[in-house]
Amino acid sequence: MNLLSLVPDAGSAERVDALLSRPGLRIARIVSWGQASPAGFWYDQAESEWVLVIAGAARLRFEDEADARLLGPGDWLDIAPHRRHRVDWTDPAAPTIWLAVFYR
């Protein structure tokens, strides 16, 4: 699979494709096209998450920070377990393609 191929159109829901899964490790491609976390929702994951924006743009907010972080191609973050975060915005005009590595 090519990470930049088979991108859904703007009318589709966010798409998550599992690329690899092993004990303690999961790698996924996520394609967002204007989707964001629901109001009041925070991710609170038991596993760590390393995330890379491959294409597009997004704003990611951490509960313990005053301002959201704007992410573009090449920007990555390592999110510690139980660090509450949410996606405030993804570009509605173009797909945002993420590579997410979940690990213990």
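**Exercise 1.** Classify Trp50 in this predicted model as buried, partly exposed or exposed.

*Solution.* The relative accessibility of Trp50 is 26%. Buried requires under 20% and exposed over 50%. Trp50 therefore counts as partly exposed.

**Exercise 2.** Determine the geometry of the ring pair formed by Trp50 and Trp76, and state where the two residues lie.

*Solution.* A pair of aromatic rings is described by the distance of the centres and the angle of the planes. For Trp50 and Trp76 the centres are 5.9 Å apart and the planes stand at 35°. Planes under 30 degrees apart would count as stacked and over 60 as edge-to-face, so this pair is tilted. Trp50 belongs to strand S3 (residues 48–55), while Trp76 belongs to strand S6 (residues 76–79). The pair therefore ties together parts 26 residues apart in sequence.

**Exercise 3.** The protein has two aromatic pairs. Classify the pair Phe41 and Tyr43, and give the exposure of each residue.

*Solution.* The ring centres of Phe41 and Tyr43 are separated by 4.9 Å. Their planes meet at 85°, so the pair is edge-to-face. Phe41 has a relative accessible area of 34% and is partly exposed. Tyr43, at 31%, is also partly exposed.

**Exercise 4.** Describe the fold composition and test the overall dimensions against a compact globule.

*Solution.* The protein contains zero helices and eight strands. For 104 residues, a compact globule would have a radius of gyration near 13 Å; the protein has 13 Å, so the two agree. Its C-alpha atoms fill a box of roughly 35 × 35 × 25 Å along the principal axes. Buried residues make up 36% of the 104 residues. Among contacts with a separation of 6 or more, 65% join residues 24 or more positions apart.

Conventions:
Residues are numbered from 1 along each chain as its sequence is written. This is a predicted model: local features need pLDDT of at least 70, side-chain atom pairs count only at pLDDT 80 or more; totals for chains, interfaces and linings use all residues. Side-chain values use heavy atoms; hydrogens and water are left out. Helices (H or I, at least four residues) and strands (E, at least two) are DSSP runs, numbered from the N terminus. The radius of gyration is taken over C-alpha atoms; the globule rule is 2.2 Å times the number of residues to the power 0.38. Buried means under 20% relative accessible area, exposed over 50%, partly exposed in between (1.4 Å probe, protein chains only). Contact means heavy atoms within 4.5 Å. Rings of Phe, Tyr and Trp (its six-membered ring) pair if their centres lie within 6.5 Å; planes under 30 degrees apart count as stacked, over 60 as edge-to-face and the rest as tilted.
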